[in-house]
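Me: Got a minute to go through this one with me? I'd like to talk about helix packing and then the ligand.

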Amino acid sequence: MSQPELLHVKGLRTYFYLDSKKVAKAVDGVDFTIKPGETVALVGESGSGKSITSLSIMKLVSKPGKIKEGSILFGDKDLLNMSEKQMARIRGNDIAMIFQEPMTALNPVFTIGEQIVETIVKHKKIHKKLAYEKAIELLKIVGFPRAEETMKEYPHQLSGGMRQRAMIAIAISCDPKLLIADEPTTALDVTIQAQILDLLNEMKRKFNMAILLITHDLGVVAEYADQVFVMYGGQIVEKTSVEELFENPKHPYTTGLLESLPDIDKDVTRLGAIKGSVPPSYSFPEGCRFYDRCPHAMDTCKEQNPELIEHETDHFVRCYLYD
Ligand SMILES: Nc1ncnc2c1ncn2[C@@H]1O[C@H](COP(=O)(O)OP(=O)(O)OP(=O)(O)O)[C@@H](O)[C@H]1O
Ligand SMILES: [Mg+2]
């Protein structure tokens, strides 16, 4: 608790107002902190609210979605109280984001160089010539040996892995304190995935940048994360350090996720995915959202949704099994 917090999300609720009766509670009461320079993995099945959590931090949730409640403290400022103009300054400067498919974030009609230079000029207010030099330097850092030539190339001239490297160059060009990476390697093949994740890790160390890494790959979590937040049904069900999560998982959903990993020691070759699926976010049950799929479900679990409680030091679980 002694280390200062970089980001503190408190009681965040982001809802999608689908029609007069139907509200999708995509993010439904999320609390967490990220410290400077640490990598936090956000994991959970499809639809659990990972992307909407990260878009909420950037205040980029689009209609009919709306941040309904909570606060997002970045340093001593609450991002939710900021004007769009102030927020535009935060994005890119202090918090940057990279996505699964860099082609959607890169502009196809401008060269890689023009896009990096534009970002630097906009945020750093330095002369174009200086920004150009910095852009070349950045491309070299992220692994383009012929950076001067890459500056003149268009996104479609690069491979998927190279495009993601270019995105990382743009993202880190203004020395953000937090980088949000939403499934940054899902679209890439395995060897390139590892290279990109190693690059992110190197950037984190070099620039003391914190990373919020969204992934569904627990192998990636084990290798790169310091902390893990497990999301289920718009809420965090377990959060703790990566070592503790793998050694002492508590929530039945986390245990299920870990059991679905192929285990070389136990000679398990088949992925035993958890039976059933996440309830739709417009009709969560009253009780625990994992009730229907839980092998340890008790009567109480059906009646009331458990709170996220610190059952051991720095190990938070949302489950009645530990009461
Ligand atoms: N544009 C939208 N309109 C309506 N509901 C939405 C919209 N975007 C997200 N949601 C709701 O929010 C929930 C959480 O979505 P989110 O994209 O955060 O999931 P995720 O955990 O990132 O999943 P994935 O692993 O598939 O990327 C979804 O289940 C969906 O019900
Ligand atoms: Mg997502």
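Me: Which hand does the crossing of H4 with H5 have?

Reply: Right-handed: that is how H4 passes H5. Keep in mind that this is a predicted model.

Me: And what angle do H4 and H5 pack at?

Reply: About 120 degrees, and the axes of H4 and H5 are 9 Å apart. That angle makes H4 oblique to H5, because the roughly perpendicular range runs from 65 to 115 degrees and roughly antiparallel needs over 145.

Me: Which residues in H4 and H5 meet?

Reply: From H4 you have Ile112, Ile116, Val117, Ile120 and Val121. On the H5 side they meet Lys128, Ala131, Tyr132, Lys134, Ala135, Leu138 and Leu139. By type, the contact of H4 with H5 has 10 nonpolar residues, no polar ones and 2 charged.

Me: OK, what about H4 with H7, what's the angle there?

Reply: H4 (residues 112-124) and H7 (residues 160-172) pack at about 20 degrees, with axes 9 Å apart. So H4 and H7 are roughly parallel to each other. H4 passes H7 in a right-handed crossing.

Me: What does H4 use to meet H7?

Reply: Ile112, Gln115, Ile116 and Thr119, which meet Ala166, Ala169 and Ile170 in H7. That contact divides into 5 nonpolar residues, 2 polar and no charged. Ile112 and Ile116 of H4 also appear in the contact with H5.

Me: Switching to the ligand. Which residues are around ligand 1?

Reply: Among them are Phe16, Leu18 and Ala26, then Glu45, Ser46, Gly47, Ser48, Gly49, Lys50, Ser51 and Ile52. Ser281 is there too.

Me: How far is an oxygen atom of ligand 1 from the side chain of Ser281?

Reply: 2.7 Å, taken to an N or O atom in the Ser281 side chain. For Ser51, an N or O atom in the side chain is 2.9 Å from a ligand oxygen. Ile52 uses its backbone instead, with a polar atom 2.9 Å from an oxygen of ligand 1.

Me: Last topic, backbone oddities. Where is Pro64 found?

Reply: In the loop between H1 (50-57) and E4 (65-74). The peptide bond from Lys63 to Pro64 is cis, with omega near 5 degrees. Lys59 sits in the loop between H1 and E4 too, and has a positive phi of about 55 degrees without being a glycine.

Me: Why flag those?

Reply: Because most residues other than glycine have a negative phi, and most peptide bonds are trans. Asp175 goes on the list as well, with a positive phi near 50 degrees. Asp175 is in the loop between H7 and E7 (178-182).

Terms used. Residues numbered from 1 in each chain as written. Chains lettered and ligands numbered in written order. Predicted model: local features only at pLDDT ≥ 70, side-chain atom pairs only at ≥ 80, totals over all residues. Heavy atoms only, no water. Axes fitted to C-alpha atoms, helices over the stretch in contact; angles between N-to-C directions. Helix = DSSP H or I, 4+ residues; strand = E, 2+ residues; numbered from the N terminus. Parallel < 35°, antiparallel > 145°, perpendicular 65-115°, else oblique. Left-handed = near helix turned anticlockwise from the far one by under 90°. Contact = heavy atoms within 4.5 Å. Nonpolar A, V, L, I, M, F, W, Y, C, P; charged D, E, K, R; others polar. Near = heavy atom within 4 Å. Polar contact = N/O pair within 3.5 Å; in protein donor to acceptor, adjacent residues only side chain to side chain.
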